[in-house]
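Have the sequence and the model side by side. The paragraphs below walk through the fold, then its contacts, then its pocket.

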Amino acid sequence: MVVTHRIVEKSEEGYCTKGDANAEEDAGIVLEKQVIGNVIVALPWLGFGIVWLRQRGTLFFLAVGAVMLFTIRQLWHGRKIMQENKL
């Protein structure tokens, strides 16, 4: 499991970390070989949108909505052409 925690202390054994939402530091020591990267930029609330889009129901409703909008646009365009031809 990959988590993002802040390094609060570095020792010879490794790193002591703490999650921003946690009151206390994490119990274990993180070894240097366990660190896989560092945070460069944070985009608040973006994760909620990604989780929402990954849900099956959401994707289905987005697809149905897109098809409905396309159909309405085509019908509207066809109606305009018919009205122009009558004039």
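Which residue stands opposite Cys16 of strand 2? Glu9 does. That pair is a good place to enter the sheet. Keep in mind that this is a predicted model.

How far can the prediction be trusted? The mean pLDDT of the protein chain is 89. Of its residues, 99% reach 70 or more. Strand 2 has the highest confidence, at 95. Helix 1, residues 46-54, has the lowest, at a mean of 83. As a general caution, coordinates should not be read in detail where pLDDT is low.

Now the sheet. It is open and has 3 strands in the order 1-2-3, with antiparallel pairing. Strand 1 and strand 3 are the edge strands, and each of them pairs on one side only. Start with strand 1 and strand 2. They are antiparallel and pair over 4 bridges. One pairing sets Ile7 against Thr17 in strand 2. Glu9 facing Cys16 has been met already. A hairpin of 4 residues connects strand 1 to strand 2.

Move across to the other side of strand 2. Strand 2 and strand 3 also run antiparallel, joined by 2 bridges. Here Cys16 stands opposite Ile29 in strand 3. So how does Cys16 fit into the sheet as a whole? Cys16 has Glu9 opposite, and Ile29 of strand 3 opposite as well.

Next, the loops. Gly14 sits between strand 1 and strand 2. Is Gly14 buried or exposed? Gly14 counts as buried, because its relative accessibility is 9% and the cut-off for buried is under 20%. Leu31 is 17 residues away from Gly14 along the chain, yet their C-alpha atoms are separated by 4.6 Å.

Gly28 belongs to the loop between strand 2 and strand 3. Its relative accessible area is 40%, so Gly28 is partly exposed. Measure from Gly28 to Val3 on your display: the C-alpha atoms are 14 Å apart in space, with the two positions 25 residues apart in sequence.

The loop between strand 2 and strand 3 also holds Asp20, which forms a salt bridge with Arg6. How many salt bridges does a search of the whole structure find? The search finds 1. The closest N and O atoms of Asp20 and Arg6 are 3.0 Å apart. Arg6 lies in strand 1, and the two residues are 14 apart, so the pair links distant parts of the chain. In general, side chains of opposite charge can pair when their charged atoms come close. Both Asp20 and Arg6 are exposed.

Follow the chain past strand 3. The loop between strand 3 and helix 1 contains Val35 and Trp45. Val35 is partly exposed, at a relative accessible area of 37%. The C-alpha atoms of Val35 and Ile7 are separated by 10 Å, and the two residues are 28 apart along the chain. Trp45 is another matter. Its relative accessibility is 67%, so Trp45 counts as exposed. What is the phi of Trp45? Its phi is near 75°, a positive value in a residue other than glycine. Most residues other than glycine have a negative phi.

Finish at the largest pocket. About 670 Å³ of space lies in it. How many residues line the largest pocket? There are 19, and Val3, Thr4, His5, Val35 and Gly37 lie nearest the centre. Strand 1 (6-10), strand 2 (15-18) and strand 3 (29-30) each give two or more residues to the lining. By class, the lining has 10 nonpolar, 6 polar and 3 charged residues. Val35 therefore returns here: partly exposed, and among the residues nearest the centre of the pocket.

Notes. Residues are numbered from 1 along each chain as its sequence is written. This is a predicted model: local features need pLDDT of at least 70, side-chain atom pairs count only at pLDDT 80 or more; totals for chains, interfaces and linings use all residues. Side-chain values use heavy atoms; hydrogens and water are left out. On a 1 Å grid over the protein atoms alone, a cavity is a set of points where a 1.4 Å probe fits but cannot get out, and a pocket is an open set with protein on both sides within 12 Å along at least five of seven lines; lining residues have an atom within 4 Å of a point. Grid points are joined across faces, edges and corners, and a volume is the space filled by probe spheres set on the points. Ala, Val, Leu, Ile, Met, Phe, Trp, Tyr, Cys and Pro count as nonpolar, Asp, Glu, Lys and Arg as charged, and the others, Gly among them, as polar. A salt bridge is a side-chain nitrogen of Lys or Arg within 4 Å of a carboxyl oxygen of Asp or Glu. Buried means under 20% relative accessible area, exposed over 50%, partly exposed in between (1.4 Å probe, protein chains only). Two strands pair if DSSP finds at least two bridges between them. pLDDT is the predictor's confidence in each residue, from 0 to 100.
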